[in-house]
Amino acid sequence: MIYLDHNATTPLDPRVLDAMMPFLTDRFGNAASRHHSLGCDAATAVETAREQVASTIGADPREIVWTSGATESDNLALKGVLESPVYKKRHVVTVATEHRAVLDTCEVLELRGVDVTYLPVDAAGRIDLDGLAAAITGETLLVSVMHGNNETGVIHPIAQIGALCRERGVLFHTDATQSFAKTPLDVNAMRIDLLSASGHKIHGPKGVGVLYVRRRDPRVRCQPLLHGGGHERGLRSGTLNVPGVVGMGVAATLPFDDGIGTLRDRLEQALVSRLGDVEVNGHDATRLGTTTNLSFAGVDGARLMKRMPDLAVSSSSACTSALLQPSYVLGAMGCDEARARASVRFSLGRFTTEAEIDIAVDTVVEAVTALRAAQD
Ligand SMILES: *Cc1c(COP(=O)(O)O)cnc(C)c1O
């Protein structure tokens with residue numbers, strides 16, 4: 001099996017597993033039970049991991065809140081800020097191509113009386129910064145724009161967006177799940193106030209994530225989603241997943257090779273040149289080096305995947321109520337339904353090799369050629 005679905009989840013790095021193992025066995029203490037050595041040991045390990053995550057993004061460890069993953073981090077960022085009694089403004093600006101964890105949360109906020117603006121994107125998946133500036137009003141509390149898109153890899157210019165938000169006095173949240181620990185991020189240089197990330201997208205464990213919450217200039221006020229015990233400075237009650245936290249801390253420190261973009265380009269160029277009639281979705285935008293989203297004209301993405309059982313990729317159609325819906329991300333980029341249905345996402349990870357890319361190319365070329373021939 002060749003695995004090119006790393007934007008969905010990644011295999012655990014063996015160094016991460018090694019670091020976690022003692023906390024799954026002998027070192028099983030509860031990080032909140034500091035009256036004995038097992039609890040102290042767990043608490044120390046959690047604080048080390050907090051420092052590891054914080055230093056990845058130039059944050060203070062006290063600004064890192066452990067969560068169950070990026071879905072929870074996105075929920076905590078949006079609901080937590082909008083529900084804080086300190087803030088009176090009730091408008092959010094986000095983008096049509098955000099992850100469902102942001103969009104569905106915004107829909108819930110709308111039901112609670114919050115006004116949400118969903119910015120459009122161009123054919124390459126980019127937002128217009130003037131459009132963003134125009135969307136910010138005196139009522140705007142928060143702008144939420146992701147860093148790298150999970151379906152297309154399209155990168156939003158978060159440093160420019162952060163600067164704009166700071167200038168206009170609005171808070172800025174970014175879902176950086178696909179770029180965290182893979183591309184350089186600095187919450188101060190980029191003027192980020194809240195940032196979501198997840199362990200299992202960076203060769204760490206599932207079920208753990210973080211929300212960065214700025215403590216000064218400005219201090220971000222956030223209401224907890226979960227109550228009971230007051231863990232994480234009251235922002236997220238519940239016994240910490242110590243093995244997961246330790247694993248995410250180590251995963252955040254492991255270097256991510258820039259060479260991955262070269263492998264992605266090799267895959268993309270080989271498929272485009274050998275097959276013809278292949279569109280690279282988001283081609284004109286700056287993209288994550290891990291991701292390519294291709295539309296193979298005349299081919300149904302889901303059927304293509306069925307023909308390639310030994311290649312794990314993702315068709316961007318999401319299964320909703322038994323109906324195959326074409327991707328809303330590609331839809332927002334103006335792709336017609338046929339092109340959206342013809343799309344497949346390939347996403348690479350730390351352990352992807354050139355040999356795997358070459359086999360994947362042969363597999364896709366053979367399958368697409370066969371499916372196209374069957375139609376003639
Ligand atoms: C995977 C992903 C999420 C959800 O993360 P979980 O940790 O699985 O909850 C949120 N946002 C983006 C951009 C993602 O890629």
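**View 1. Helix α3 in this predicted model has the end-to-end distance that its residue count leads you to expect.** Helix α3 takes in residues 70–82, which makes 13 residues. At 1.5 Å a residue the helix should span 18 Å, and the C-alpha atoms at its ends are indeed 18 Å apart, so expectation and model agree. How many residues of α3 are buried? The count is 12 of the 13, so the helix is largely enclosed by the rest of the structure. If you want to pick them out in your viewer, the buried residues of α3 are A70, E72, S73, D74, N75, L76, A77, L78, K79, G80, V81 and L82. Keep A70 in mind for the next view, since A70 is also one of the residues around the ligand.

**View 2. Here is the ligand with the residues that surround it.** The shell includes G69, A70 and T71, then H99, M146 and N150. Further along the chain, D175, T177, Q178, S198, H200 and K201 are also part of the shell. Which class of residue supplies 8 members of this shell? That class is polar, alongside 2 nonpolar and 2 charged residues.

**View 3. Zooming in on the ligand, we find side-chain polar atoms of T71, Q178 and S198 beside its oxygen atoms.** For T71, a polar atom of the side chain sits 2.6 Å from a ligand oxygen. The side chain of Q178 places an N or O atom 2.7 Å from an oxygen atom of the ligand. For S198, the distance from a side-chain N or O atom to a ligand oxygen is 2.6 Å. On its own the ligand has 380 Å² of accessible area, and the protein covers 87% of that.

**View 4. Strand β7, which ends at S198, is largely enclosed by the rest of the structure because 5 of its 5 residues are buried.** The strand runs over residues 194–198. In a regular strand, side chains alternate between the two faces of the sheet. In β7, L194, S196 and S198 point one way, while L195 and A197 point the other way, and all are buried. S198 is thus a handy landmark: this strand residue also belongs to the shell around the ligand.

**View 5. Strand β7 pairs with β6 and with β8.** With β6, residues 171–175, the pairing is parallel and runs over 3 bridges. Within this pairing, D175 stands opposite S196 of β7; D175 is also found in the ligand shell. With β8, residues 209–213, the pairing is antiparallel and runs over 5 bridges. Which residue of β8 is the bridge partner of S198? It is G209.

**View 6. Two loops carry backbone features worth a look, at A181 and at D217 with P218.** As a general background, most residues other than glycine have a negative phi, and most peptide bonds are trans. A181 has a positive phi of about 65° although it is not a glycine. This residue is in the loop between β6 and β7, and at 14% relative accessibility A181 counts as buried. D217, also not a glycine, has a positive phi of about 55°. The loop that holds D217 lies between β8 and α7. Is D217 buried or exposed? With 54% relative accessibility, D217 counts as exposed. The peptide bond from D217 to P218 is cis, with omega near -5°, and P218 is found in the loop between β8 and α7 (242–253).

**View 7. H147 and S179 are 32 residues apart in sequence but 6.8 Å apart in space, C-alpha to C-alpha.** H147 is found in the loop between β5 (140–144) and α6 (158–168). At 7% relative accessibility, H147 counts as buried.

**View 8. In strand β14, the side chain of R345 makes a polar contact with that of D5.** Strand β14 covers residues 343–347. The contact between the R345 and D5 side chains is 3.0 Å. R345 has 8% relative accessibility, so R345 counts as buried.

**View 9. A338 in helix α11 offers an exposed counterpart.** Helix α11 covers residues 337–341. A338 has 57% relative accessibility and therefore counts as exposed. A338 and Q269 are 69 residues apart along the chain, with 22 Å between their C-alpha atoms.

How values were computed
Residues numbered from 1 in each chain as written. Predicted model: local features only at pLDDT ≥ 70, side-chain atom pairs only at ≥ 80, totals over all residues. Heavy atoms only, no water. Near = heavy atom within 4 Å. Polar contact = N/O pair within 3.5 Å; in protein donor to acceptor, adjacent residues only side chain to side chain. Areas by Shrake-Rupley, 256 points an atom, 1.4 Å probe, with all protein chains shown as cover. Nonpolar A, V, L, I, M, F, W, Y, C, P; charged D, E, K, R; others polar. Helix = DSSP H or I, 4+ residues; strand = E, 2+ residues; numbered from the N terminus. Expected span 1.5 Å × (residues − 1). Buried < 20%, exposed > 50% of the residue type's maximum accessible area, 1.4 Å probe, protein only. Pairing = 2+ DSSP bridges.
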